[in-house]
Amino acid sequence: MRFALRNNLPSRHLVRSAGVAAALALGASLMAAPQSYAADSPTIKQLLQQCAGADVCKFHPQSYTAYSGPAHQVGSTAYNCTHENASSTISWADTTATTNSVGVAITASAKFWEVYEASVEVSYGHSWTTSHTNIDSKGISIRPGYKGWLERGEAKQKATGWYELHFGKRYYGHYIWYVNNYQSSGWDASHPGNAFVNLKDKAMTSGERSAHCR
């Protein structure tokens, strides 16, 4: 599990007065913090869902990366059954959803996502969206006896960090909880040059000739 609990504090007053100082003092050691495995501990999903009702729910960004997403086919495959080069146009729609490392569904209205998005935008100056769809088409030329298709990689971004949650009443026995090693990745509008579309081709097999060249 990717969350850690801290020792109980003696009173609500002490938690509130020392909360900021404690967060600053412990922030650097969160990666090495002892993990909780008790059966009565909340799940990561439960903790993130409590963000809306917690006294404090903060995301602390630690790193940001812009990169090219993995290549994958978009649109259909075109087959050239002639004895000359053939031109074809492939249309495609490609949706990139925002995901995270803890397997919790992300929606635009989720409070933990709103906190994450705002914190990352302030820290790194890049906006986020939960889902984005690109629609386009591209003309290609296919050699005789070959099949051709398009492979695309989206411009993506990811940011890592940790959540800090404070509760006015004990939640699963503690006032303060952390979700460590959190990472989200999704579409990046700020670095469009990281997206790519490449033509791929390959000689048709005898089975493909039989299926597509009648």
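Helices here are DSSP runs of H or I with at least four residues, strands are runs of E with at least two, and both are numbered from the N terminus. Thr 96, where I will start, is found in strand β4, residues 86-97.

Before going on, a word on the model. It is a predicted model, in which local features need pLDDT of at least 70 and side-chain atom pairs count only at pLDDT 80 or more, while totals for chains, interfaces and linings use all residues. Residues are numbered from 1 along each chain as its sequence is written, and side-chain values use heavy atoms, with hydrogens and water left out.

Back to the strand. Is Thr 96 buried or exposed? I use buried for under 20% relative accessible area, exposed for over 50%, and partly exposed for what lies in between, with a 1.4 Å probe and protein chains only. Thr 96 has a relative accessible area of 9%, so Thr 96 is buried. Contact, in this talk, means heavy atoms within 4.5 Å. Leaving aside neighbours within four places in sequence, Thr 96 touches Thr 130, Ser 131, His 132, Glu 154, Lys 156, Gly 186 and Trp 187. Gly 69 is 27 residues from Thr 96 along the chain, and the two C-alpha atoms are separated by 9.6 Å.

One of those contacts deserves its own look. His 132 lies in strand β6, residues 131-142, and is buried as well, at 19% relative accessible area. With the same sequence neighbours left out, His 132 is in contact with Asp 94, Thr 95, Thr 96, Glu 154 and Trp 187. The side chains of His 132 and Asn 134 are joined by a polar contact of 3.4 Å. A polar contact is a pair of N or O atoms within 3.5 Å; within protein, one must be able to donate a hydrogen and the other to accept it, and residues adjacent in sequence count only if both atoms are side-chain atoms.

Next, the disulfides. A disulfide is a covalent bond between the sulfur atoms of two cysteines. The cut-off used is a pair of cysteine sulfur atoms within 2.5 Å, and by this rule there are two disulfides. Along the chain, the bonded cysteines follow the pattern 1-2, 3-4.

Cys 51 is joined to Cys 57, S to S 2.0 Å. The torsion about that S-S bond is about -105°, so the disulfide of Cys 51 and Cys 57 is left-handed. Cys 51 is buried at 2%, and Cys 57 counts as buried at 15%.

The other disulfide is formed by Cys 81 and Cys 213, with sulfur atoms 1.9 Å apart. This pair links distant parts of the chain, 132 residues apart: Cys 81 is in the loop between β3 (72-79) and β4, and Cys 213 is in the segment after α4 (206-212). Cys 81 is partly exposed at 34%, and Cys 213 is partly exposed at 26%.

Now the aromatic rings. Rings of Phe, Tyr and Trp (its six-membered ring) pair if their centres lie within 6.5 Å; planes under 30 degrees apart are stacked, over 60 edge-to-face, and the rest tilted. How many aromatic pairs does that rule give? The count is 13. In one, Phe 59 and Tyr 116 have ring centres 4.7 Å apart and planes at 55°, so the pair is tilted. Phe 59 lies in strand β2 (residues 56-68) and Tyr 116 in helix α3 (residues 111-124), so the pair ties together parts 57 residues apart in sequence. Both Phe 59 and Tyr 116 are buried. Ring pairs link them with Phe 112, Trp 113, Trp 128, Tyr 163 and Tyr 182 into a cluster.

Finally, the nonpolar cores. In soluble globular proteins, nonpolar side chains tend to be buried together. A nonpolar core here is a set of buried Ala, Val, Leu, Ile, Met, Phe, Trp, Tyr and Cys residues joined through side-chain atoms within 4.5 Å. The largest has 26 residues, and those with the most contacts inside it are Leu 48, Phe 112, Tyr 116, Tyr 163 and Tyr 182. At least two residues of this core come from each of α2 (44-49), β2, α3, β8 (155-171) and β9 (174-187). Apart from that core lies another, of seven residues, among them Val 74, Ile 90, Ile 142 and Leu 150.
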